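Visitor: I should like to take a close look at one part of this model, namely its nonpolar core and the residues around it. Please explain the terms as they arise.

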Amino acid sequence: MSKIILNQNFLKPENDLSNDKDQVDPFYEVIWQKTKIQLAEVVKNVVWKAWIEPLEFQAYKDYVLYLSANSSLIKNRAETQYYETIFLAASN
């Protein structure tokens, strides 16, 4: 994986990568769930609940992991403070 893109505007159809549920690859969604389990083991529980658990898988295309967050606060925190942690776990 070379990049993670977070999209806090996933409620708007034009920005929602999972608009067509048939396009969401269940294989990569399972991989993301396993990645989240790995993240839960390496970050504090309070960090997990507040900043990692709310992130939702949208797509994995061209070596880019697309995640969504339901608020800009979660998106910004994930990008600025937990990007490397998420990136390393997702790369494994």
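Guide: The following account begins with the whole chain, proceeds to the core, and ends with several individual residues.

This is a predicted model, in which local features need pLDDT of at least 70 and side-chain atom pairs count only at pLDDT 80 or more, while totals for chains, interfaces and linings use all residues. Residues are numbered from 1 along each chain as its sequence is written, and side-chain values use heavy atoms, with hydrogens and water left out.

The protein chain has four helices and three strands; these are DSSP runs numbered from the N terminus, with helices (H or I) of at least four residues and strands (E) of at least two. Read from the N terminus, the elements follow the order β-α-α-β-β-α-α. Of the 92 residues, 36% count as buried. Here buried means under 20% relative accessible area, exposed means over 50%, and partly exposed lies in between, with a 1.4 Å probe and protein chains only.

The largest nonpolar core has 19 residues, and those with the most contacts inside it are W32, L39, L55, L65 and I86. Such a core is a set of buried Ala, Val, Leu, Ile, Met, Phe, Trp, Tyr and Cys residues joined through side-chain atoms within 4.5 Å. At least two residues of this core come from each of helix 1 (26-42), helix 2 (45-52), strand 2 (56-61), strand 3 (64-68), helix 3 (72-81) and helix 4 (83-91). Helix 2 gives the largest share, four residues. A contact means heavy atoms within 4.5 Å. Not counting residues up to four places away in sequence, L39 touches W32, W48, I52, T85, I86 and A89.

K36 lies in helix 1. Leaving aside neighbours within four places in sequence, K36 is in contact with W48, I52, E53 and L55. K36 is buried yet has no salt bridge, and the nearest side chain of opposite charge, E53, is 6.2 Å away. For charge, Lys and Arg count as positive and Asp and Glu as negative, whereas His and the chain ends are not counted. A salt bridge is a side-chain nitrogen of Lys or Arg within 4 Å of a carboxyl oxygen of Asp or Glu. A polar atom of the K36 side chain does, however, lie 3.2 Å from the backbone oxygen of L55.

One salt bridge is found in a search of the whole structure. It joins the side chains of E79 and K75 (2.8 Å, N to O). These two residues are separated by about one helical turn, because they are four residues apart in helix 3. E79 is partly exposed at 33% relative accessibility, whereas K75 is buried at 14%.

S68 is found in strand 3 and is buried, with a relative accessible area of 0%. The side chain of S68 makes a polar contact with the side chain of Q58 (3.0 Å). A polar contact is a pair of N or O atoms within 3.5 Å; within protein, one must be able to donate a hydrogen and the other to accept it, and residues adjacent in sequence count only if both atoms are side-chain atoms.

Finally, D62 lies in the loop between strand 2 and strand 3, and Y63 has its place in that loop too. D62 is exposed at 71% relative accessibility, and Y63 is exposed at 59%. Most residues other than glycine have a negative phi. Phi of D62, however, is near 50 degrees, a positive value, and phi of Y63 is near 65 degrees, also a positive value.
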